[in-house]
Every structure is written in structure tokens, then in C-alpha cells.
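Colleague: I am new to this structure and would like a close look at one part of it. Please keep it brisk, and connect that part to the rest.

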Amino acid sequence: MFKVQCLAFQFLLLVFCARLNAQYIQAHPAVADIDMAIESFPYPVYMNGYNHFKFVSKQEITACNISITANQGTEVKDSFVVRKTEDRYVISANGMYAYNQVSVPVAHINFFFKDGTVKRMLLPLKLYTPLKVEFLDSLGKLTDISAGVIKYNGAMQLHSKADPPFYVQVYRMRDVFTVTITTASGILLQELRGYFDAGHMIRRLDLSSFKKYKTVLATITGRIDTENGWVDAEISKYNSSGLKITLEE
């Protein structure tokens with residue numbers, strides 16, 4: 001019986017380790033040349049994900065940490081985690097610290113070199129990765145909106161998702177998005193709200209009663225739910241401002 005329990009424990013441990021390892025490799029690392037960067041780190045770090053980097057320098061980097069400046073002006077060094085794994089460094093905000101923020105703190109990233117020198121730079125932070133809203137046709141097929149104009153052929157389906165940069169793996173995002181439908185002259189016709197939280201929530205957009213306008217505009221806004229309140233979401237460049245929807249007779 002004891003042997004069976006040991007084997008079961010070893011199996012669970014292997015699964016856990018595999019998941020933990022996958023957590024850090026499901027993104028392509030951004031290459032940051034530390035020698036070229038002067039006052040500011042070249043990439044923003046997102047607090048709702050794992051940020052993957054390869055640090056390049058002529059000197060050997062022995063350690064790296066991040067410090068934030070609290071409201072009282074004191075530095076806090078345990079709000080972020082910097083892990084060296086395989087061929088990359090992974091930066092993430094500590095659990096509840098990330099979820100509690102409604103404003104971006106001031107942060108610095110510190111590099112320690114083998115010769116004893118230290119390089120300190122301002123670290124651009126963002127609370128959440130951009131939010132994008134995808135449009136699907138009545139059969140659930142993704143609609144191409146890259147041209148900024150789409151044709152309405154029946155009830156559309158909408159859903160939102162995180163749209164992180166290539167070097168970020170998102171681990172949490174809970175949002176409410178709003179799609180506002182107006183005429184070309186600005187008359188409000190409809191507002192549709194939906195949300196995304198780990199699952200795959202679909203909302204239906206029916207414009208059949210507005211066909212007399214021939215063309216309508218769709219504007220997307222969003223908010224992110226934090227432990228201390230809502231913050232405005234950055235809308236992905238995927239969603240062009242004032243998406244045009246042509247309505248068939």
C-alpha cells in the first residue's frame with residue numbers, strides 16, 4: 001500500500017513539475033541588450049503575466065531584481081519575482097500584489113554583474129495586457145476585420161480575450177467589454193456588453209433592425225476587474241477605432 005502511495009505521489013509530482021515548466025516556456029523571449037539600454041528598460045513588463053526575456057551584455061550578469069517605490073517613498077523588493085529558467089529570465093508580479101493594483105507603480109530593474117558593478121534602469125510597467133474583441137459570423141467562423149470594414153450577413157457573435165505581446169504569457173484577466181453601435185453621424189443605436197474570465201464567453205450581436213442605415217460604426221471599450229476596483233482596459237490594435245459594418249438589405 002505504501003509503495004502504491006509513493007508511486008502516486010511521484011506521478012503527481014512529475015505532472016506538477018511539467019506544468020510548472022510549461023508555465024515558463026509558452027512564450028518567445030524578447031532579447032534585451034542591457035548595454036544599449038540607458039535610462040529605461042526597452043520592453044514594458046505586464047503585471048498579469050509571465051514576461052520572458054533574454055538579457056544580453058558584454059559583462060556576465062550574476063543577478064537581477066526589481067524594486068518598486070511605495071507611496072511612502074520606500075522601496076519594496078518582494079513585489080516581483082525574477083526567475084532564471086533554461087535560456088531565459090521570467091519576470092512576474094507576486095500574486096495578490098498584481099491583482100490589488102489600480103494604478104501603475106514606479107519600478108526599477110537592477111542588474112548585478114560579475115565585476116561587482118550594478119546597472120539600474122527605470123522599468124516600464126503595465127497592469128494588464130491589451131484586450132481584444134473578436135467578431136465571428138453566425139456559424140462561429142472568425143471574421144477578418146483587418147481592413148476596418150466587415151459585412152453583416154446575420155447575427156454576429158463576439159468574444160473578448162487577452163492580446164499579449166509575443167514575450168508575455170497571461171495568467172489571469174477578467175474584463176467587461178462594451179461594443180457601442182452608432183450611425184455614421186453619431187446616433188447611438190445599441191450597446192452590447194460581455195465579459196471574459198478564464199472561460200470562453202460568447203455574446204450575440206443582432207443588427208437586423210438597423211439595416212436602413214446601410215453602414216454603422218462599432219466602437220470597443222473595456223474595463224478590467226481588480227481586487228480594489230475597475231481600471232480602463234487598453235484596447236488591442238487588432239480592433240481598429242470605429243470599425244465599419246455594412247448592412248445588407
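What is the relative accessibility of Lys 126, and what does Lys 126 count as? Please take its side-chain partner too, and then lead me on through the chain.

Modeller: A caution before the details: this is a predicted model. Now to your residue. Lys 126 has a relative accessibility of 30%. Buried would need under 20%, and exposed would need over 50%. Lys 126 therefore counts as partly exposed.

Next, the partner. The side chain of Lys 126 meets that of Glu 234 in a salt bridge, at 3.6 Å from N to O. Lys 126 belongs to strand E10, residues 125-126. Glu 234 sits in the loop between strand E19 (229-232) and strand E20 (243-247). The two residues are 108 apart in sequence, so their pair ties together distant stretches of the chain. Glu 234 is partly exposed as well, because its relative accessible area is 36%. The general principle is simple. Side chains of opposite charge can pair when their charged atoms come close.

Where else does such pairing occur? The structure holds eight salt bridges. One of them joins Glu 60 to Lys 114, with 3.7 Å between the closest N and O atoms. These two are 54 residues apart: Glu 60 is in the loop between E3 and strand E4 (61-69), and Lys 114 is in the loop between E8 and E9. Glu 60 is partly exposed, at 46%. Lys 114 has 63% relative accessibility, so it counts as exposed.

Another salt bridge runs between Lys 161 and Glu 134, where the closest N and O atoms are 3.9 Å apart. Here both ends lie in strands: Lys 161 in E13 (residues 156-162), Glu 134 in E11 (residues 131-136), with 27 residues separating them along the chain. Lys 161 is partly exposed at 32%. Glu 134, however, counts as buried, because its relative accessibility is 9%. There is also a network: Lys 54, Asp 87 and Arg 88 are joined by salt bridges that share partners.

Lys 54 brings us to strand E3. This residue stands opposite Val 31. That pairing belongs to strand E1 (residues 30-33), which runs parallel to E3 over four bridges. E3 has further partners. With strand E14 (residues 168-170), E3 pairs in the antiparallel sense over three bridges. There, Tyr 50 has Gln 169 as its bridge partner. With strand E7 (residues 88-93), E3 again pairs in the antiparallel sense, over three bridges. In that pairing, Asn 51 is matched with Ile 91. How enclosed is E3? Six of its eight residues, 49-56, are buried, so the rest of the structure largely encloses this strand.

Follow E1 onward and you reach Ile 34, in the loop between E1 and strand E2 (45-46). Ile 34 counts as buried because its relative accessibility is 0%. Beyond its neighbours within four places in sequence, Ile 34 has contacts that include Phe 55 and Val 56, as well as Phe 111, Phe 113, Lys 119 and Met 121. Take Phe 111: it lies 77 residues from Ile 34 along the chain, yet their C-alpha atoms are separated by 8.6 Å.

Phe 111 leads to another sheet. In E9, its bridge partner is Lys 119. Strand E8 (residues 106-113) and E9 pair in the antiparallel sense over five bridges. They belong to an open sheet of four strands, with antiparallel pairing and the order E5-E4-E8-E9. Strand E5 (75-76) and strand E9 (118-122) form the edges; each has a single partner strand, so one side of each lacks a neighbour in the sheet.

Finally, step back to the whole chain. Its 249 residues include 42% that are buried. The chain has two helices and 20 strands. Among contacts with a separation of 6 or more, 66% come from residues 24 or more positions apart. The accessible surface is about 13900 Å², and carbon and sulfur atoms account for 56% of it.

Key. Residues are numbered from 1 along each chain as its sequence is written. This is a predicted model: local features need pLDDT of at least 70, side-chain atom pairs count only at pLDDT 80 or more; totals for chains, interfaces and linings use all residues. Side-chain values use heavy atoms; hydrogens and water are left out. Buried means under 20% relative accessible area, exposed over 50%, partly exposed in between (1.4 Å probe, protein chains only). Two strands pair if DSSP finds at least two bridges between them. Contact means heavy atoms within 4.5 Å. A salt bridge is a side-chain nitrogen of Lys or Arg within 4 Å of a carboxyl oxygen of Asp or Glu. Accessible areas come from the Shrake-Rupley method with a 1.4 Å probe; for residues, only the protein chains shown count as cover.
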